[in-house]
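Me: Could you take a close look at the salt bridges in this model and walk me through them one pair at a time? I would like to know where the partners sit and how accessible they are.

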Amino acid sequence: MRDAFGVIGPVATRPELSGTSRSMGDFDLSLSELRVIVEITCPNPSLMYRLLEADSKSMRSMSGSRRNSGSSLVSSSSASSNLSHLEEDTWILWGRIVNEWDEWRRKKDKLLKELIRKGIPHHFRAIVWQLLGNATDMPVKNQYSELLKMSSPCEKLIRRDIARTYPEHEFFKGQDSLGQEVLFNVMKAYSLVDREVGYCQGSAFIVGLLLMQMPEEEAFCVFVRLMQEYRLRELFKPSMAELGLCIYQFEYLLQEQLPELNVHFRSQSFHTSMYASSWFLTLFLTFLPLPVATRIFDIFMYEGLEIIFRVGLAILQYNQTDLIQLDMEGMSQHFQKVIPHQFDSCPDKLILRAYQIKYNPKRMKKLEKEYTTIKNKEMEEQIEIKRLRTENRLLKQRIETLEKESAALADRLIQGQVTRAQEAEENYVIKRELAVVRQQCSTASESLERAQDTIRELQQHKHSEEFVSGLQTQLEQSRLREAELLGALKEMQDKVLDLEKRNNSLPDETNVAQLQEELKQVKLRELETLHSFREMQETVTELNQRWQHHMARGGGHWKESPKKNALNELQDKLMGVRLREAQAQAELKEVKLKALQLESQNQIHSNLLSRHEQERAALQDRLQHLTSHNKSLQGQLSEMKRKQTESDCKSKEEVMAVRLREADTMAAMAELRQRIAELEIQKEEGLIQGQLNHSDSRQYITELREQIAELKNEVWYSSKLIFTQHTIQSGVKKK
């Protein structure tokens, strides 16, 4: 409801806020100063004086009738009776400002700015802040009660930080105090409204200051407007990009206006973010005393972040001489203990110094563009670095795979070389054995010739008892050789079995055929050996029989006639010759058998060598094939890298084009919104103007409404276009 001045009320004054209530002396606005301001800004000062006097009289006349009302912006009648004449004039003036707010913003903006810089009276702050933020009738206010019923993921963080928000203030003291409860409600509601920002440390101090001046619903609306329209939302986003921009702009102003102090800060590695971050995040609410910070917040509500830059530079300029003489630790102590209490008694001194600081909005816009360009380049460099790291990791993995393959091929090659060396050594051993066998064969041939010579000599001479004993010895030796032949035969059978096993383990058809052929040859040689062995056994058996027969008849040689004795002697000689012949044949067959064995072994080893050579050639061919395949893979990899680079370039170009289109669209939307605001102002002026007749006013208002509707349609279309561009951009990034 509205009071007699048309002020939207009531404005609650809590007893808990008595510690921070400001006396009227803090306003620093005398009647003479008001008259000077009126003379400067108002074209008709006498009319303004009459209005002030009339408002003063109306204020006095209504104070009695409103004595029991708690809904007026002016306090109770008991409080108003104690106000001085100066205070009454100030209240009358601010009552008119609030009552005629639109007219003052449109026609007396300079005077309003000067009054705000002088300080808004404590009891008017709530409504003035709502009017400055255009937060009196916000749709989100109707959602506040519903938001409190919902749960927020940030509740634990909010609960943890509430106790650290204005811990010395009466309104927020105590774990279950009313101040902490309403502060939790507002922070929770905003974390649900803006889930991207959620909750950030520092924002609770701003909400706490609002709750000191107004109920929680109005404080919630003003805070939402601050976040949306005063760049605070960008400051409190998780990336805090706006904070980086503010620090960048502040460093430029510091370098430009206080170069000596800037050089000293850099020499001591005292970065701007170490002391200025809290200035921008909490608007000096955690740095300066609450009355001084509230004065700064008054101006912030009207002028935005410009006052933060001005006050920060004014503080540094005021303390430049002291700070230059301190080191890093001393400067930290100076910022914490000395600076906050320098302007307790005279906040106007700080405000006056702040507006002596040079501040160029155009230059700040250029700095914002420079900072945006730098951040875009950094982001592109980070994307490029990330892409290069990914490529490097993939290349390392590919190199490791190729190294493993190369190591495996090298191992196989070395193993093949070792196998070939072993085969060469075995071949050398076989050749040596073959040479020994050939030498034995030649020795056996010589022995055979000597045996034949001996047979011929025996045929010519008589044999004796010594010859008979020699025959016995030779018979025993032939039996020993028979046993050796049986052992050799067993070894040959073992070799045949071994060859059969090796034949079964070889999958190659050609090798199997060769081994089968070798097996057949070995079996044939085995049969020949068995046949020769049987013949030798028969010969030995026959000789044994004859020898026994001869021995049986040998005892009666002296009784026989000379003819029979001569015949017997000839038979004995013939028997001896046959025995020697059989012995020589046995030795010859034994030598032949050994020669056959050695030849078969030589053939087997030569076949093994040929197979190993074939395997080595196959391994070399496979190595060459793998090498060529590796080269082709490397070529494919380079081609893929080239294509990937081209696709990345294209995607970057598309992203940049989308960003450019988005920026153009945003600029067009801003222009359209500005045009809508201008048309609304023109609409209000058209309603106020009395020069137009009634029909012309209606027609003019109708035209303005049509233009506003067209512009809103264009804004809706532009927002839809931005959403489409965002969708395209996200699709490009996913690709």
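Reply: A salt bridge is counted here when a side-chain nitrogen of Lys or Arg lies within 4 Å of a carboxyl oxygen of Asp or Glu. The model is predicted, and by this rule the count comes to 27 salt bridges.

One of them pairs Asp161 with Arg160, whose closest N and O atoms are 3.4 Å apart, and this distance meets the rule because the cut-off is 4 Å. The two partners can be described by their accessibility: Asp161 is buried, with a relative accessible area of 5%, whereas Arg160 is partly exposed, at 47%. Asp161 is classed as buried because that word applies under 20% relative accessible area.

A second pair is formed by Glu196 and Arg233, with the closest N and O atoms 2.8 Å apart. Glu196 lies in the loop between helix 10 (178-193) and helix 11 (203-213), while Arg233 belongs to helix 13 (residues 232-236), so this salt bridge ties together parts that are 37 residues apart in sequence. As for accessibility, Glu196 is partly exposed, with a relative accessible area of 47%.

A third pair brings in the loop that leads to helix 13, for the side chains of Arg231 and Glu242 meet in a salt bridge with an N to O distance of 2.4 Å. Arg231 lies in the loop between helix 12 (216-229) and helix 13, and Glu242 lies in helix 14 (residues 241-257), so the pair ties together parts that are 11 residues apart in sequence. Arg231 is partly exposed, with a relative accessible area of 32%, whereas Glu242 counts as buried at 11% relative accessibility.

Returning to the second pair, Glu196 and Arg233 also belong to a network, in which salt bridges that share partners join them with Asp194, Glu234 and Lys237.

Apart from these salt bridges, a contact elsewhere in the chain may also be worth following on the structure. Gln474 is found in helix 23 (residues 465-505) and is partly exposed, with a relative accessible area of 24%. Leaving aside residues up to four places away in sequence, Gln474 touches Arg580 and Gln583. The C-alpha atoms of Gln474 and Arg580 are separated by 8.3 Å, although these residues are 106 residues apart along the chain.

Technical notes:
Residues are numbered from 1 along each chain as its sequence is written. This is a predicted model: local features need pLDDT of at least 70, side-chain atom pairs count only at pLDDT 80 or more; totals for chains, interfaces and linings use all residues. Side-chain values use heavy atoms; hydrogens and water are left out. Helices (H or I, at least four residues) and strands (E, at least two) are DSSP runs, numbered from the N terminus. Buried means under 20% relative accessible area, exposed over 50%, partly exposed in between (1.4 Å probe, protein chains only). Contact means heavy atoms within 4.5 Å.
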